[in-house]
Amino acid sequence: MARWCYRHRLVVVLLWVGALLGLGAAASSAGTNYANVFSLPDTDSKRAYDLMEKAFPERAGDTDTVVWKVEDGSVRDASVRSRMEPALAAIGRMEGVGDVTGPYGPQGAARISRDGRTAYAQVTFAEQADAVPKELVEDVVDTAKDAGGDGLRVELGGQAITRVQEPPTGTAELVGVLAAAVVLFVAFGSLLAMLLPIVIAVFGVGTGMFGTQLISHVTNVPELASLLSTLIGLGVGIDYALFIVTRHRRGILRGDDPEEAAVTALNTSGRAVLFAGGTVCIALAGMLVTNLRFLDGVVIGTSLTVVLSVLAAVTLLPALLGLLGHRVLSRRQRRTLAARGPETERTTGLAARWAAGVERRPRSTALLALVLMAALAVPLLSLRLGTVDQGNDGASTTTRKAYDLLAEGFGPGFNGPLQVVVDGEASNSLVAAVERTEGVAQVASMPPANGVTVIQVVPTTSPQDERTDRLIDVLREDVIPEAGARAHVGGVTAVSKDFASVTGDRLPLFIGTIIGLGFLLLLLAFRSLVVPLTAAVMNLLAAAASFGVLVAIFQWGWGLDLLGFGREGPIAAFLPIIMLSLLFGLSMDYQVFLVSRMHEEWVHTRDNARAVRVGLAETSRVINSAALIMVCVFLAFVLSGDYGAGMAGVGLAAAVALDAFILRTALVPAAMHLIGKANWWLPAGLEKRLPHLAVEPKEEDGSGVVPATRAPGEGSAPAASVVHGFVRTVDGDPVDGAAVTLLTSGGRQVDRVVSLADGSYIVSVPSPGRYLLAVTAAPYGSRAGQVTVPGGPLVHDVELAPGEVDAVN
């Protein structure tokens, strides 16, 4: 498939452009039909909601609020009424506004605060908030605001109003892509190579978003799905293309023809991308076990975007590589390749030194990483799930100002009233009992409607206060049963509490499901019990630490002002499920990429220390580059202006950073050094029963010999044996970059590698016998000697002295 896409590149590019434009045109003409509703079956708030629908079936439109406050005097003064009444009347005449109920009518006294300085009016639109035209909302805001001034403050709150104060759509995505472009340019040193992953991400996310919009017309898809699809699609699209382009460039530098380099890259790293994309989709599908039906649309939208991003990476990317040819390299690399010929890539520098350092001090490295992760996880003990509201908006927004004005004038509980919904007529004893309940500020019983009575209850505490949650429990467990009434407690605050409770109850099952799936996948891929067990523990550590960061920032308020958000509050109840799904999928990518290289080295040498060291040295740079791109994309969503999106972005950025920079590059290799050969243990009986799953195929050069330079995560044909050891000076210092060549007795080259920063090397041997091993390194000269390789690995260290030449005929 890769070769066909490479050779028919114009056809493939045109097909993808046509798909993107066609889906875009279809989605634009069809519009969106997102359904931001969710059901909580078998909960008290759901039963209250069902009774409310029976009582008031005509309440369909979104209701927002206009709040005003005077510095002196009263809102009843003629000077205030003469400004507000015409404004409210003008709003009521606007097309799309169904009704405006203000404080100046015969039943409006309840909409004026006790001190007479604050009042509010309710504006009911003909449609739900997402369907209200933005121009209409702007006209409402402008009309109301124009009435203010000269000691009169006017602010507006509600879901429709929120839409006009959000930054322009696409700002967060654009900033994330620009930040990723900087990282890619530093990594590749080439403008064209930098553009490749971004183009793949744009096609993957674009087709995924348009497809999700069309699917919203045939099934319930919440608007949250669009945001999360963009979030995860940009990250995985850029990362997957990064892996493939890195392998392709390495093949060209090694002397491969661009077509063969592309085919090899897709047949190796492309397979790993397919595996990684599959794990992300499996992790997302884990949300289905929670039985929260509104998440079904989230799973559909995000999984579709991931699938299309993978499809773009394995079809569109080879076509683009065919269009670029050698231009995928930087100008300096092309000049060097033309002047010096193919080069042997070697792992040196910081990555090799870090890998060697972890091998020398595994206990201290593991202890330091564990202490850091544990410290970050401490705030998790204070985790409280809930729902964010407009009290969490930025202090400069009109919705936050309206929220604060209502809290000041009518009490903190006014922004989240409870509804005690009675099936039948409410008895006086029930109303009196509710009024006497501690934590209740105000009670108003409405006349029965369609056989249902609603008692409006205003708490003394805010919607996000823990005491409000306790009040709901008291009403449900004590007050209503003692009154002998058939009643249920509903309202937005009660729904939020029930949602948090249901999520918390189902979280263990969800975590167990995705951890179990990850264990099975890694067990099949690496034929080991310890490797997947280690990965499961690391996933839990990353989740705990990242949620600790979230609690410290969004629940405790540490640094919240720096992010541009408002007041601290509980962690959004949906976030643990969303975050754990994405974290599981992304961490699996990094685990597979890291351990597959270690596993390859282990198969060759049966030397665990070397396998872990080489695997870490050769993969850490690419893992860290990919993680840095993810962090940039996720953090950019802080700019979306949405509190929930910002919380998700910060949480995912923290999770990916901790997972890649601490767990995969420090704690995992340190633990594998300490565990030793037991890392690769698998009972013989289980080995026979398990199906074989190869993340990447064997990769051979034209002669059938395993290539000398093996890239991170690259599969290779197992050699019959190997020769490995260290190249050192006579003083015992490691020699970095020494060329080590293995030749047959007839002089044919069998394998050629370069030593790592610690002086280690490994060459493949096709079969037992006698060979010539030659080592060359400036300024030490050369040394060569005969080696006899038995049926297993041979350890052979080499010493080099300055100016020495040891020639063997």
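Is Val-137 buried or exposed, and what is its relative accessible area? In this predicted model, Val-137 is buried, with a relative accessible area of 1%.

## Val-137 and helix H5

Val-137 belongs to helix H5, which covers residues 134-146. When residues up to four places away in sequence are not counted, Val-137 touches Val-132, Ala-160, Ile-161 and Val-164. Asn-33, by contrast, is 104 residues from Val-137 along the chain, and the C-alpha atoms of these two residues are separated by 19 Å. Because buried means under 20% relative accessible area, the value of 1% places Val-137 in that class.

## Val-177 and Gln-213

Two further buried residues can be described in the same manner, beginning with Val-177, which has its place in helix H7 (residues 171-188). The relative accessible area of Val-177 is 17%, and Val-177 is therefore buried. Leaving aside neighbours within four places in sequence, Val-177 is in contact with Ile-198 and Leu-234. The second of these partners, Leu-234, is 57 residues from Val-177 along the chain, yet the C-alpha atoms of the two are separated by 7.8 Å.

Gln-213 is found in helix H8, which spans residues 191-215. With a relative accessible area of 15%, Gln-213 is buried, and, not counting residues up to four places away in sequence, Gln-213 touches Ala-27, Gly-31, Thr-32 and Tyr-34.

## A four-stranded sheet and its helices

Which order do the four strands of the open sheet follow? The order is E7-E8-E6-E9, and the pairing is antiparallel. Strand E7 (440-445) and strand E9 (487-490) are the edge strands, each of which pairs on one side only. From one strand to the next, the twist averages 20 degrees.

Within this sheet, strand E6 (residues 418-423) and E9 run antiparallel and are joined by four bridges, and Val-420 stands opposite Val-489 in E9. Helix H3 (residues 44-55) packs on the sheet, where H3 touches E6, strand E8 (452-459) and E9, and the direction of H3 makes about 100 degrees with that of E9. Another helix, H16 (residues 428-436), lies across E6, E7 and E8 and runs at about 160 degrees to E7.

## Asp-498 in helix H18

Asp-498 lies in helix H18, which covers residues 492-526, and is buried, with a relative accessible area of 6%. Which side chain is joined to that of Asp-498 by a polar contact of 2.6 Å? The partner is Ser-45, whose side chain forms this contact with the side chain of Asp-498.

Ser-45 also appears in the wider list of contacts of Asp-498 which, leaving aside neighbours within four places in sequence, consists of Leu-40, Thr-43, Asp-44, Ser-45 and Arg-476. Helix H3, which packs on the sheet, covers residues 44-55.

## Aromatic pairs

How many aromatic pairs does the structure hold? There are seven aromatic pairs. One of them is formed by Tyr-120 and Phe-410 in an edge-to-face arrangement, with 5.4 Å centre to centre and 85 degrees between the planes. Because Tyr-120 lies in strand E3 (residues 118-125) and Phe-410 in helix H15 (residues 398-410), this pair ties together parts that are 290 residues apart in sequence. Both Tyr-120 and Phe-410 are buried.

Phe-410 also forms an aromatic pair with Phe-414, and this pair is stacked, at 4.8 Å centre to centre and with 25 degrees between the planes. Phe-410 counts as buried at 15% relative accessibility, and Phe-414 likewise counts as buried, at 19%. Through these ring pairs, Tyr-120, Phe-410 and Phe-414 are linked into a cluster.

## Cysteines without a disulfide

A disulfide is a covalent bond between the sulfur atoms of two cysteines. How many disulfides does the count give here? The count comes to zero disulfides, with the cut-off for such a pair of cysteine sulfur atoms being within 2.5 Å.

Cys-5 illustrates this result, because the closest cysteine sulfur to that of Cys-5 belongs to Cys-281 and lies 20 Å away, too far for a bond. Cys-5 is itself buried, with a relative accessible area of 4%.

Definitions and conventions. Residues are numbered from 1 along each chain as its sequence is written. This is a predicted model: local features need pLDDT of at least 70, side-chain atom pairs count only at pLDDT 80 or more; totals for chains, interfaces and linings use all residues. Side-chain values use heavy atoms; hydrogens and water are left out. Buried means under 20% relative accessible area, exposed over 50%, partly exposed in between (1.4 Å probe, protein chains only). Helices (H or I, at least four residues) and strands (E, at least two) are DSSP runs, numbered from the N terminus. A polar contact is a pair of N or O atoms within 3.5 Å; within protein, one must be able to donate a hydrogen and the other to accept it, and residues adjacent in sequence count only if both atoms are side-chain atoms. Contact means heavy atoms within 4.5 Å. Two strands pair if DSSP finds at least two bridges between them. Axes are lines fitted to C-alpha atoms, for helices over the stretch in contact, and angles run from 0 to 180 degrees between N-to-C directions. Rings of Phe, Tyr and Trp (its six-membered ring) pair if their centres lie within 6.5 Å; planes under 30 degrees apart count as stacked, over 60 as edge-to-face and the rest as tilted.
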